[in-house]
Amino acid sequence: MTALLETKGLTARYGDFQALFGVDLRLDAGETVAIIGANGAGKTTLMRSIAGVLANGPGEVLFDGQPIGALPAAQVMARGIAMVPEGRKLFPSLSVEENLLMGAYGRKVEGPWRLDTVYDLFPVLKERRNNPGTALSGGQQQMVAIGRALMSNPRVLLCDEISLGLAPVVIRDIYAAFPQIRAAGASIVIVEQDIGQALKVADRVSCMMEGRVTLTGRPAELSREDIHAAYFGVH
Ligand code: ATP
């Protein structure tokens, strides 16, 4: 079966510094894959390379079997891959609603996600819709970032560290939306430093270390020891 999204031998560099060394990742339709790994492992670089934000080195990114590795970010998004970036990156001068509408700007397709359905998913955003996006709490801002990505009705949603800096109860509220996002048809890649959260939400987990995937498996198949070794490189 053709993967929905696949990287094959993907490499990336920042100037002389090589950040990815031949990364193979596979996401099938309907799946949620989590990428775990310590700070600096290359998780964000992988997301940015897939999204076309960062130019790739040698290696392939295939979406529905088609090479997309050379496409700029806007075209990757137009094909149906949306990113929730690390740090949310809301438009500071825009309201919540305007931030959400920006998400639909680059991809005009019919789908389950519109302003009203995003507001159903995160009702607090409807109450705050005229507030500046950046005036919201961290968790609410993260909801805006997720909602903005959903507004393009993506086939693949890339989520980079959505729980970073948020309180456990807020993280729980945000992840509570994921079953609905999946049910509406998106396949999901999450980058998550919280291993427990990753194991809970994902069908498969890949661990990265120093620019390489060191372990891949279904949560039930992975022992604590394997994850520890893949994460830190030690037993
Ligand atoms: P984090 O959890 O800190 O976001 P990460 O696993 O997402 O970590 P990346 O941000 O992808 O890791 O970083 C991978 C490597 O690339 C790190 O060594 C980092 O220092 C380096 N790096 C990231 N961005 C740049 C940049 N703009 N210029 C130079 N080096 C960079």
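**View 1. Secondary-structure elements around the ligand.** In this predicted model, two elements each give at least two residues to the shell around the ligand: strand 2 (17-27) and helix 1 (43-51). Helix 1 makes the largest contribution, with three residues. Sorted by class, the shell holds six polar, five nonpolar and three charged residues.

**View 2. The residues that come nearest to the ligand.** Here we move in on the ligand, which has 14 residues around it. Gly40, Gly42, Lys43, Thr44 and Thr45 are the ones that come nearest.

**View 3. Polar atoms facing ligand oxygens.** Which parts of glycine 40, threonine 45 and glutamine 193 should you look for here? For glycine 40, look to the backbone, where an N or O atom lies 2.7 Å from a ligand oxygen. Threonine 45 takes part through its side chain, with an N or O atom 2.5 Å from an oxygen atom of the ligand. Glutamine 193 also uses its side chain, placing a polar atom 3.0 Å from a ligand oxygen. On its own, the ligand has 620 Å² of accessible area, and the protein covers 62% of it.

**View 4. The pocket that holds the ligand.** Which pocket does the ligand sit in? You will find the ligand in the second largest one.

**View 5. The protein around the site.** Stepping back, you can trace ten helices and ten strands. The radius of gyration is 17 Å, close to the 18 Å from the globule rule for 235 residues, so the protein is as compact as a globular protein of that length. Along the principal axes, its C-alpha atoms fill a box of roughly 50 × 35 × 35 Å.

Key
Residues numbered from 1 in each chain as written. Predicted model: local features only at pLDDT ≥ 70, side-chain atom pairs only at ≥ 80, totals over all residues. Heavy atoms only, no water. Near = heavy atom within 4 Å. Polar contact = N/O pair within 3.5 Å; in protein donor to acceptor, adjacent residues only side chain to side chain. Areas by Shrake-Rupley, 256 points an atom, 1.4 Å probe, with all protein chains shown as cover. 1 Å grid on protein atoms, 1.4 Å probe; cavity = no way out; pocket = protein on both sides within 12 Å on 5 of 7 lines; lining within 4 Å. Sits in = over half its atoms within 2 Å of the grid points. Helix = DSSP H or I, 4+ residues; strand = E, 2+ residues; numbered from the N terminus. Nonpolar A, V, L, I, M, F, W, Y, C, P; charged D, E, K, R; others polar. Rg over C-alpha atoms; globule rule 2.2 N^0.38 Å.
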